[in-house]
Amino acid sequence: MIIEDEKDVTKAVLSELARAKNPRFREIMSALVRHLHDFAREVKLSEEEFQAAIGYIVALGKHTTETHNEAVLMSGSLGFSTLICLLNNGNRGQTETDANLLGPFWRMHSPATANGGSIVRSPTPGPALFVDATFHDADGKPIEGAEVDIWQSSPEGFYENQDPIQADMNLRGKFTTDRAGRISFRSVKPAGYPIPIDGPVGEMLRAQGRHNMRPAHLHFLAYKPGFKTLISQIYDPDDPHIETDVQFGVTRHLIGQYVRHDGSERAPAEGVGAPWYSIEHTFVMERGAARLPRPPITGKAEGERPQIPHLEAV
Ligand SMILES: [Fe+2]
């Protein structure tokens with residue numbers, strides 16, 4: 001159609017889209033065009049602002065590599081990743097869910113580790129942490145034989161893949177749930193960490209006056225055919241950034257019960273200095289298709305420890 005005014009351009013795009021054969025594609029693209037055009041109308045987007053927006057999108061691509069995905073980071077920083085997670089889990093957002101963000105640091109082929117074993121694979125200073133996790137279905141029946149990947153940052157705030165000082169696969173492990181649906185392991189208490197701010201995400205955070213910290217957490221990925229793969233994180237309520245996670249991942253349901261133990265209590269292993277910590281958590285897996293996500297990274301970064309600056313919220 002020949003466009004007479006600003007309203008016609010939306011109609012023209014939508015009428016062309018009507019030719020698309022795939023109905024779901026048509027639905028998504030039509031809604032995207034309507035919202036995108038209405039967004040520009042609502043804020044009266046100037047030509048300069050439009051050019052700046054295009055620059056942001058180009059920069060997302062330019063800052064993405066094999067070991068870093070700036071688009072995922074932007075999606076998280078806008079709360080979009082958590083929105084998608086909550087819309088698609090917990091009976092489509094009707095009930096609480098243990099599902100959470102995958103994040104950028106899951107690796108495949110974590111070392112198989114026996115229950116009760118340790119995922120500390122090279123000297124890692126920090127307080128000991130003993131983790132007990134149970135997996136059951138929606139009816140409370142234990143799930144035996146689920147493979148559970150664990151990964152976490154060190155008490156210094158680095159994942160092993162970022163940090164040449166840590167051994168390959170340090171603070172990562174793959175466990176199998178026993179007849180009671182349980183796994184257990186020893187680790188060290190994770191710390192919060194900053195997300196990179198050398199790209200468009202950093203520019204956006206500065207403009208919004210936000211910090212770039214994620215609160216401390218443990219990552220879980222539980223896989224068993226017949227169940228939807230459960231991707232989860234358990235957050236530390238004592239972390240100073242628990243209320244303001246830069247990725248908006250913290251849901252009430254996933255705040256963990258980290259218990260601090262002082263010197264008078266006996267630790268579950270020999271040679272554990274005080275204070276040490278323990279945590280117990282029960283996860284619910286929903287029935288569904290077991291699928292593994294595409295690993296965001298494939299190996300260890302080389303060279304120096306990264307220097308990721310901390311932004312202060314203003
Ligand atoms: Fe993480």
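How many buried residues are there among the 16 residues of helix 3? Zero, so to speak: helix 3 is hardly covered. By buried I mean 20 or more other C-beta atoms within 10 Å of the residue's own, with exposed being 12 or fewer, partly exposed in between, and C-beta atoms placed from the backbone.

Quick housekeeping, everyone. This is a predicted model, where local features need pLDDT of at least 70, side-chain atom pairs count only at pLDDT 80 or more, and totals for chains, interfaces and linings use all residues. Residues are numbered from 1 along each chain as its sequence is written.

Back to helix 3, residues 47-62, and one of its members, Ile-57. Helices here are DSSP runs of H or I, at least four residues, and strands are runs of E, at least two, numbered from the N terminus. Ile-57 is exposed because it has 12 other C-beta atoms within 10 Å. From Ile-57 to Glu-96 you go 39 residues in sequence and 34 Å in space, C-alpha to C-alpha. As for length, the helix should span 22 Å, at 1.5 Å times one less than its number of residues. The end C-alpha atoms are 23 Å apart, which agrees.

Now the domains, with bounds from an automatic or database assignment. Domain 1 is 6-45 and domain 2 is 59-284, and their C-alpha centres lie 38 Å apart.

On to the packing. A nonpolar core is a set of buried Ala, Val, Leu, Ile, Met, Phe, Trp, Tyr and Cys residues joined through C-beta atoms within 7 Å. The largest one has 40 residues, and Phe-135, Val-148 and Phe-220 are among those with the most contacts inside it. Strand 1 (128-136) and strand 10 (276-284) are among the strands that each supply at least two residues of this core, and strand 1 gives the most, with six. Take Val-148: leaving out residues up to four places away in sequence, Val-148 touches Phe-175, Thr-177, Ile-183, Phe-220 and Ala-222, a contact being C-beta atoms, placed from the backbone, within 7 Å. There's also a second, separate core of eight residues, including Leu-73 and Val-246.

Last, the sheet. Four strands make an open sheet ordered 4-1-10-9, with mixed pairing, where two strands pair if DSSP finds at least two bridges between them. Strand 4 and strand 9 (258-261) are the edges, each pairing on one side only. Strand 9 runs antiparallel to strand 10 over four bridges, and Tyr-258 has Ile-279 of strand 10 as its bridge partner.

Key. Contact = placed C-beta atoms within 7 Å.
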